[in-house]
Each structure stands twice: as C-alpha cells, then as structure tokens.
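Q: Can you walk me through this model? I'll jump around a bit.

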Amino acid sequence: MYGVDDILGIVGGYRGFYSKNTVKLTPKVVNDIHKRGGTTLLTSRGGHDTVKIVDSIQDRGINQVYIIGGDGTQKGAALIHEEVEKRGMKVAVAGIPKTIDNDIAVIDKSFGFDTAVEEAQRAINAAHVEVECVENGVGVVKLMGRYSGFIAMHATLASRDVDCCLIPESPFYLEGQGGLFQFIESRMKENGHVVIVIAEGAGQEFVAQSIHDVNQKDASGNRLLLDVGLWLSHKIKAKREELYPIYLPCDDLDPTYMIRAIPSNASDNIYCTLLAQSAVHGAMAGYTGFTVGPVNGKHAYIPIAVSNSLSCAFAALIPPYAKKILDYDMGDCFAAVNKSLLR
Ligand SMILES: Nc1ncnc2c1ncn2[C@@H]1O[C@H](COP(=O)(O)OP(=O)(O)O)[C@@H](O)[C@H]1O
Ligand SMILES: O=P(O)(O)OC[C@H]1O[C@](O)(COP(=O)(O)O)[C@@H](O)[C@@H]1O
C-alpha cells in the first residue's frame, strides 16, 4: 500500500540492534508466522543501550522503528524516541503492545492476553478433573503474572471451576480467621474438593522467608520470582496431614511454558493485524513516539510516555474485572501525539 520494499527485522530484542545482523522481512518470510508459537525474531531480556541502539538506527538509515513488547519494552521505546528527537533525526518510533500479562495500563488489552487466558483455562480444567476424582482433592494451578494478576483472574472468571484466586495485588495469609486454610476447610466441607489458582507474583514475601532473597532481578530489571505454586502446595499438604488422619494428594500444576508456547488464537490474530496496521498508518501519517491500542474500546495513538506513566493493577473490587484506568481522557493523548508530528 505504501510501496515499502525494505523492511528489516531486528533479531534478539534490543541488543540485536547493535550485536546481531538484521533479517530482511518479505511477505514470503512472514507469510505464516501467525500460525506458530514463539517468535521468529527471537527475544531477550536486558540489553537496552539507548545510545548504541539509536547509533544503529542512524547507521542503517532506518526511518521507522516498530517496537513490539510489554511494559519494559515500551519504556525502552520511550527512551529511543527521546534520543531520536534529541538528535533531530527524522525517524518515527511506534510501540506495539504485546504481552500475555496485560500489564500495560492505559490500553484495554494487550496482544497475547486472550490466548494466554484461553490456554490457562485448560490447565484449570485439568486440575478440576483431577481433584474431582479423589477424595478431598486440592489442586493448585500457578499462572503467570509477575506484578499483576490479569491472567489468573480472567482465567478464573472464565472457567468458573476455581474456588480461590490469589493475585499479587491482593495480599493473603494462611493461618487463622479469614486465612486460606480456613477457606479451604470450609470449601472442602461444602464441595469435597478445592481448586486454587495463584499468580506467580502472589505471596512472594512468604516464599522468600523460607527460601532466599526476594529482591534478585533478571537482566531486564524484573524481580526474580520464587516458586509460589510449589510452596503453597507444600504448605497445604502439611496442613492437611495435620487436619486429616490420612495423607491426601495435592496437585501442583505449572502450565507456564505450555501457555507461552502456543500460537495466538483467532481473536488475538485479528487484534494483532489491527495493531500492526494502526502502527503503520500512524507512522506513515507522520506521527511518532506513540503506542497503538484500544482505550475504552476505541483504537488510539497514545504517547509512549503516557502509556508508561500509569501503573497497572487488577482492580479487584470496582468494577470487578476491569483495569484501574478506564476513564482516561483521550483528548489529552491526541493533543500530545499531534505535537510529535514529523512533517
Ligand atoms: N525502564 C526501562 N528502560 C529501558 N529499557 C527497559 C526498561 N525496562 C525494560 N527494558 C528493556 O525492555 C526489554 C524487555 O523488557 P522485559 O521486562 O524483559 O519484558 P516486557 O517488555 O515483556 O516487559 C529488555 O531489553 C529490557 O532491558
Ligand atoms: O521465564 P522468563 O523468561 O523469566 O519469563 C517469565 C515472565 O514472562 C511472562 O510470561 C511475560 O511474558 P511477556 O511479557 O513476554 O508476554 C511473565 O508472566 C513471566 O513472569
């Protein structure tokens, strides 16, 4: 449509700008990548060096950069945009929100989230079948979500087989009045089995007390998590041996990489196409420094800085399954993006 023949793929995330060769992306090369899981361009953690990245953009004569990823990636994109502006380069920088965690605050939903929730439901279903087949069965399913419980909460709401969902946004405790053990006991009396979903970032402070330092970080600066699913299963097993005279199995299911590895589903495929086309139309129209995505159901160009400035948490109470940021005023957004016009 725009007559562009020269499209480069940067291999291996941000560090690929300065440490790897690029690959030429043609219609033939990308023809069926939406049918495969993973990423053909490879991904990495860490490696964001703004100066080296922008040097590489300059040296290669790139004039539009499309940056695909989650909240960390969008923060990196904002820095690239700033550096590009500082150097007075005619380069459009566009962010495309892709993360199964759905933790980019301003947009309604990120690409990959629907697929993850759908697959997570399958894991919950498996746990439910298991616990129904034994006496007093407790199933623990650990799902992704380092700082946010969107996948856990949406999979729980969709499956309707879950008795308790634990997310990082909402602290919990085990013992005493209102504790998890008391809840398990009451559900057990009622139902004869219990399914618990726990987001990987929940209860980290408890696991840290029994294992090691909770403050270790990965190369991207994300908190390194301890295995809360395993910890919770052990705790429940120990408690149940105390409560019941016979040993009862407690299953611990961790479907993390099953979920991450599957190809995107139909709704994510359509959504991805829309995001990609919006980003290209935006850059071709002369905008820069924006992230694309739906806000309150309307597709929008959002200044990258705005998309990064809001913290994102699952609002557990009002309304029950919405993000915190639903009343964002898009008028301000458009004004800020317009100021970034290249020509
Ligand atoms: N605050 C930041 N500033 C610049 N780059 C960042 C920042 N946070 C993360 N990044 C970079 O973004 C990339 C992806 O971040 P990561 O947190 O691993 O994944 P995600 O984009 O899914 O959140 C990494 O290369 C990381 O170094
Ligand atoms: O095993 P790794 O590489 O540390 O990745 C785990 C993290 O990746 C995630 O699955 C997020 O992935 P994306 O942001 O790439 O969609 C988190 O839920 C999880 O904390």
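**Sheet and ligand shells**

A: Ala94 has Phe290 in E9 as its bridge partner. Strands here are DSSP runs of E, at least two residues, and helices are runs of H or I, at least four, numbered from the N terminus.

Q: How does E4 pair with E9, parallel or antiparallel?
A: Parallel, over 2 bridges, with E4 covering residues 92-97. Two strands pair if DSSP finds at least two bridges between them.

Q: Any ground rules before we go on?
A: This is a predicted model: local features need pLDDT of at least 70, side-chain atom pairs count only at pLDDT 80 or more, and totals for chains, interfaces and linings use all residues. Residues are numbered from 1 along each chain as its sequence is written, chains are lettered from A and ligands numbered from 1 in the order in which they are written, and side-chain values use heavy atoms, leaving out hydrogens and water.

Q: Back to strands. How does E9 pair with E10?
A: Antiparallel, over 6 bridges. E9 is residues 290-295 and E10 is 298-303. Pro294 bridges to His299 in E10.

Q: What is between those two strands?
A: The hairpin has 2 residues between them, and Asn296 takes a positive phi near 50 degrees.

Q: What is the strand order of the sheet?
A: E3-E4-E9-E10, an open sheet of 4 strands with mixed pairing.

Q: Which strands stand at the edges?
A: E3 (64-69) and E10. Each has a single partner strand, so one side of each lacks a neighbour in the sheet.

Q: Switching to ligand 1. Which residues come nearest?
A: Arg45, Gly46, Asp71, Thr73 and Ser220, out of 13 around ligand 1. Near means a heavy atom within 4 Å.

Q: What polar contacts does ligand 1 have?
A: A backbone N or O atom of Gly46 lies 2.5 Å from a ligand 1 oxygen. For a polar side-chain atom of Asp71, the distance to an oxygen of ligand 1 is 2.8 Å. A polar contact is a pair of N or O atoms within 3.5 Å.

Q: And ligand 2, what surrounds that one?
A: Among the residues around ligand 2 are Arg45, Lys98, Ile100, Tyr257 and Arg260. The shell divides into 3 nonpolar, 2 polar and 6 charged residues. Asp, Glu, Lys and Arg count as charged; Ala, Val, Leu, Ile, Met, Phe, Trp, Tyr, Cys and Pro as nonpolar; the others, Gly among them, as polar.

Q: What about Tyr257?
A: A polar side-chain atom of Tyr257 lies 2.3 Å from an oxygen atom of ligand 2.

Key. Polar contact = N/O pair within 3.5 Å; in protein donor to acceptor, adjacent residues only side chain to side chain.
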